Amino acid sequence: MSTPTAKVHGELLDLERVICRLTELTPERARAFTIGGGDWPLRGFVVRVGERVRGYINRCPHAGHALDLLHGRFLTPDGALILCSSHGALFEKESGYCVAGPCAGHSLTGVELEIRGGFVLLAESVDLEAPPERVL
Ligand code: FES
């Protein structure tokens, strides 16, 4: 079955993989996404790091909770670090590495992204039938 596509600024986009517009992401604002159907969609979030964008599975390596207990809030107030709202773990935006908290030394699971036509997409290399890490 083919997935819906759209041509934007000369780029053909797989609409199933679109997360958000690049302009929606600011240094202080992350964006959650859920892609894929059924009982086990891929749940993650994207953050802006300078001119780049990084994506991670929304699962803390400490106790496996979603990071945004406060829905949609993934960052410290100054936007410098990723914050897990459950027990306060702090992660680097660039690498997902935990720099403080109960899972210091561990890392978030990254997801590959593509930027095309001004949109942030889940990369074609990410298999939606077998995402990198399923989230309960
Ligand atoms: S679940 Fe994230 S710090 Fe405990």
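The legends below describe close-up views of a predicted model.

**View 1. The whole chain is built from strands, with zero helices.** Twelve strands are found along the chain, and from the N terminus on the elements run β-β-β-β-β-β-β-β-β-β-β-β. The C-alpha atoms fill a box of roughly 45 × 30 × 25 Å along the principal axes. For 136 residues, a compact globule would have a radius of gyration near 14 Å, and the value of 15 Å for the chain agrees with this. Buried residues make up 26% of the 136 residues. Among contacts with a separation of 6 or more, 44% are between residues 24 or more positions apart.

**View 2. Strands E4, E5, E6 and E10 form an open sheet.** The order in this sheet of four strands is E4-E5-E6-E10, and the pairing is antiparallel. Strand E4 (31-35) and strand E10 (110-111) stand at the edges. Each of these two has a single partner strand, so one side of E4 and one side of E10 are left without a neighbour in the sheet. Inside the sheet, strand E5 (residues 42-49) is joined to strand E6 (residues 52-57) by six bridges, and the two run antiparallel. Phe45 has Tyr56 in E6 as its bridge partner.

**View 3. Strands E11 and E12 form a hairpin.** Two residues lie between the strands, and Gly117 in the turn has a positive phi of about 60°. Strand E11 (residues 113-116) runs antiparallel to E12, with four bridges joining them. Leu113 stands opposite Leu122 in E12.

**View 4. Strand E12 also pairs with strand E3.** The pairing of E3 (residues 18-21) with E12 is in the antiparallel sense and covers three bridges. One of the residues involved is Arg21, whose bridge partner in E12 is Phe119. Along E12 (residues 119-122), Phe119 and Leu121 point one way, while Val120 and Leu122 point the other way. All four of these residues are buried.

**View 5. The largest nonpolar core holds 24 residues.** The members that touch the most other members are Ala30, Phe45, Val46, Val47, Phe74, Leu75 and Ile82. Two or more residues of this core come from each of E5, E6, strand E7 (81-83) and E12. The largest share, four residues, is given by E12. Phe45, one of the members listed above, is also the bridge partner of Tyr56 in the pairing with E6.

**View 6. Leu75 is shown with the residues it touches.** Not counting residues up to four places away in sequence, Leu75 touches Glu28, Ala30, Val47, Leu81, Ile82 and Leu83. Ala30, Val47 and Ile82 are, like Leu75, among the core residues that touch the most other members.

**View 7. Pro102 lies in the loop between strand E9 and strand E10.** The loop follows E9 (98-100) and leads to E10, an edge strand of the open sheet. Pro102 has 15 C-beta neighbours inside 10 Å and therefore counts as partly exposed. Leaving out residues up to four places away in sequence, Pro102 touches His62, His87 and Ala89. Ile35 is 67 residues from Pro102 in sequence, and their C-alpha atoms are 29 Å apart in space.

Methods
Residues are numbered from 1 along each chain as its sequence is written. This is a predicted model: local features need pLDDT of at least 70, side-chain atom pairs count only at pLDDT 80 or more; totals for chains, interfaces and linings use all residues. A residue is buried if 20 or more other C-beta atoms lie within 10 Å of its own, exposed if 12 or fewer, and partly exposed in between; C-beta atoms are placed from the backbone. Two strands pair if DSSP finds at least two bridges between them. The radius of gyration is taken over C-alpha atoms; the globule rule is 2.2 Å times the number of residues to the power 0.38. Two residues are in contact if their C-beta atoms, placed from the backbone, lie within 7 Å. A nonpolar core is a set of buried Ala, Val, Leu, Ile, Met, Phe, Trp, Tyr and Cys residues joined through C-beta atoms within 7 Å.
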